[in-house]
Amino acid sequence: MRHVISVQDFSAEEIVNVLDRAETMVDIAKGEAISDILKGKVLACIFFEPSTRTRLSFETAMNRLGGGVVGFAGTEATSVVKGETLADTIRMVSGYADAVVLRHPREGAARLATEFSDVPILNAGDGAGQHPTQTMLDLFTIRAELGRLEGLNISLVGDLRYGRTVHSLAIALAKFGNTINLVSPEGLEMPGEVISHLEETGRFGKACHSPEEVIADTDMLYVTRIQKERFPDPVEYEKVAGMYRVDPELVSRGPEHMIILHPLPRVNEISPEVDSMPQAKYFQQAFNAVPVRMALLSMVIGGQFDV
Amino acid sequence: MSEKYMKVQRIEHGTVIDHILPGKAFDVLRVLGISNDRSMSILINSHSRKGGTKDILKIEDVELSDEEASRLALVSPHATINIIVQGEVVKKFNAEAPELVRGVLSCSNPNCISNQNEPIQSEFRLSKDADHGYVCSYCERDIVDLARRFRS
């Protein structure tokens, strides 16, 4: 039985296998081909925290493969409000389903769930912790749009301190031999342990405070949201957010083949005029969640993680 | 003018912990649960013959057990423990940091699932980094201020 908890648990070869399988499922994800490889199987999606894309794309993925979905989003109508432990919830749910997708506000929740589950757990985000399926769909999008997953100049922009997703992405991209630039406001820089990891693997490009410094050599610009609540002074937030706003003028200074990704939801960090530019791939990225999650579900439920 | 020295005396019975990481002597006392009503000598940042500095503890009438040595190793690995009986060293060993620590510590991340009311034991792995720290097996964060994370 294979759980999907952290992208660090997967070798580069295993990740490529997932991406290859996802590629074969794009037509099914679009509804242009029919599959029933998970017919009769049940997926439990239990979301203790709000989610739009992650929950809907997991549910779509399971439905497109012929399986059924049960679950809840928000804990109001569940035993959790009565004080049930996560361990007990998982024991119960794993008896009802063939795999469990879990989102939880506490870091390490998915790891705990694996200790009490008889079926595979897929981590859909645990607090500020891991979100491995997001990293895999980011990698899928890069490969699909740029034709390869190695030897690229990647610039990660925005709040690099608090979002663990962007930490996992940086480490995974380094694993494939890409050079990583880090662009963030002061105080929201990438944590030291991730920078050390990039330096050790020889994949650390440049750290700076302005996207303009790296845009000319960037193959992929990964933009993340700068959260207002990180700034005690709203004026300071507006100033910083303005400096990190990706607009057509900035995009035009990058190479023509450059792509722009964003895990969404975006607020102001990419101006809507960029949406119609060929570099904007973030909505394609959101769609790619479906084939990638289809691939993972088919592999963990079908027991096909035999690499 | 005569120079005056105040020497740290040998102990007749007890434990001498040598080669403690500089500045960690009080953390060692904390994790061993040794209170300040005992007779002991504490040397901070003492010059080491091997170069650099170290802390030394001489604690009278206490013989450190292997279990206590493991606790000590969590905050200062590679310290040397000498058990003294009647002025002689009867046992000498090093405190080696265990690879895995279960149940003894609590995670310093307040949002870690291991700090909630769940039926699990906390678990920490020895970090591969050179800092001899520990990483929570659940939230994967480094434990901060380890000497204060012992569960009472």
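Where is the place of E140(B)? Select E140(B) and look for the segment after β8 (134-136) of chain B. What you have open is a predicted model, and this residue makes a good starting point for a walk through both chains.

**Stop 1: two backbone oddities in chain B**

Stay on E140(B) and check its backbone torsions: phi is near 65°, a positive value in a residue other than glycine. Now show the surroundings. E140(B) counts as buried because 20 C-beta neighbours lie inside 10 Å, and 20 or more is what that label asks for.

Next, select N45(B), in strand β2 (residues 40-47) of chain B. Here too a residue other than glycine has a positive phi, near 50°. The surroundings of N45(B) get another label: with 12 other C-beta atoms within 10 Å, N45(B) is exposed.

**Stop 2: chain B as a whole**

Zoom out until chain B fills the window. Its C-alpha trace spans about 65 × 30 × 25 Å along the principal axes. Colour by secondary structure and you should find 2 helices and 8 strands. Following the chain from the N terminus, the elements come in the order β-α-β-β-α-β-β-β-β-β. Of the 152 residues in chain B, 29% are buried. If you draw the contacts between residues at least 6 apart in sequence, 58% of those in chain B join residues at least 24 apart.

**Stop 3: the two domains of chain B**

Give residues 14-94 of chain B one colour and residues 98-152 another; these are domain 1 and domain 2. Their centres, taken over C-alpha atoms, are separated by 24 Å. The contact between them takes 8 residues from domain 1 of chain B and 6 residues from domain 2 of chain B.

Which elements give two or more residues to the side of domain 1 of chain B that touches domain 2 of chain B? Select α1 (25-32) and α2 (66-75) of chain B to see them. The largest share of that side, 4 residues, comes from α2(B). Sorted by class, the side of domain 1 of chain B that touches domain 2 of chain B has 5 nonpolar, 1 polar and 2 charged residues.

**Stop 4: where the chains meet**

Bring chain A back into view. Here 14 residues of chain B are in contact with 12 residues of chain A. On the side of chain B that touches chain A, you can count 7 nonpolar, 6 polar and 1 charged.

**Stop 5: β-α-β units in chain A**

Now hide chain B and select strand β1 (residues 42-47) and strand β2 (residues 68-73) of chain A, which pair in the parallel sense over 6 bridges. To see one bridge, pick L43(A) and its partner in β2(A), V69(A). Add helix α3 (residues 53-64) of chain A, and you have a right-handed β-α-β unit made with β1(A) and β2(A).

Move on to strand β3 (residues 99-104) of chain A, which runs parallel to β4(A) and is joined to it by 4 bridges. Look for V101(A), which stands opposite L122(A) in β4(A). The chain crosses from β3(A) to β4(A) through helix α5 (residues 109-116) of chain A, and this β-α-β crossover is right-handed. Strand β4 (residues 121-126) of chain A is mostly covered, with 6 of its 6 residues buried.

**Stop 6: the nonpolar core**

The largest nonpolar core has 122 residues, and V100(A), A113(A), L156(A), A170(A), I260(A), M294(A) and L297(A) are those with the most contacts inside it. The largest share of this core, 12 residues, comes from α11(A). Centre the view on V100(A): beyond four places in sequence, the residues it touches include A44(A), I46(A), I90(A), A113(A) and I121(A).

**Stop 7: two loops of chain A**

Select V80(A), in the loop between β2 and α4 (86-94) of chain A. V80(A) counts as partly exposed because 17 C-beta neighbours lie inside 10 Å. Leaving aside neighbours within four places in sequence, its contacts are F48(A), T75(A) and T89(A). For a distance to check, draw a line from V80(A) to V166(A): the two are 86 residues apart in sequence and 30 Å apart in space, C-alpha to C-alpha.

End at P265(A), in the loop between β9 (259-261) and α11 (282-301) of chain A. What joins L264(A) and P265(A)? Look along the backbone and you will find a cis peptide bond, with omega about 5°.

Key
Residues are numbered from 1 along each chain as its sequence is written. Chains are lettered from A and ligands numbered from 1 in the order in which they are written. This is a predicted model: local features need pLDDT of at least 70, side-chain atom pairs count only at pLDDT 80 or more; totals for chains, interfaces and linings use all residues. Two residues are in contact if their C-beta atoms, placed from the backbone, lie within 7 Å. Ala, Val, Leu, Ile, Met, Phe, Trp, Tyr, Cys and Pro count as nonpolar, Asp, Glu, Lys and Arg as charged, and the others, Gly among them, as polar. Two strands pair if DSSP finds at least two bridges between them. A crossover is right-handed if, with the strands pointing away from the viewer, the path from the first strand over the helix to the second runs clockwise. Domain bounds come from an automatic or database domain assignment. A nonpolar core is a set of buried Ala, Val, Leu, Ile, Met, Phe, Trp, Tyr and Cys residues joined through C-beta atoms within 7 Å.
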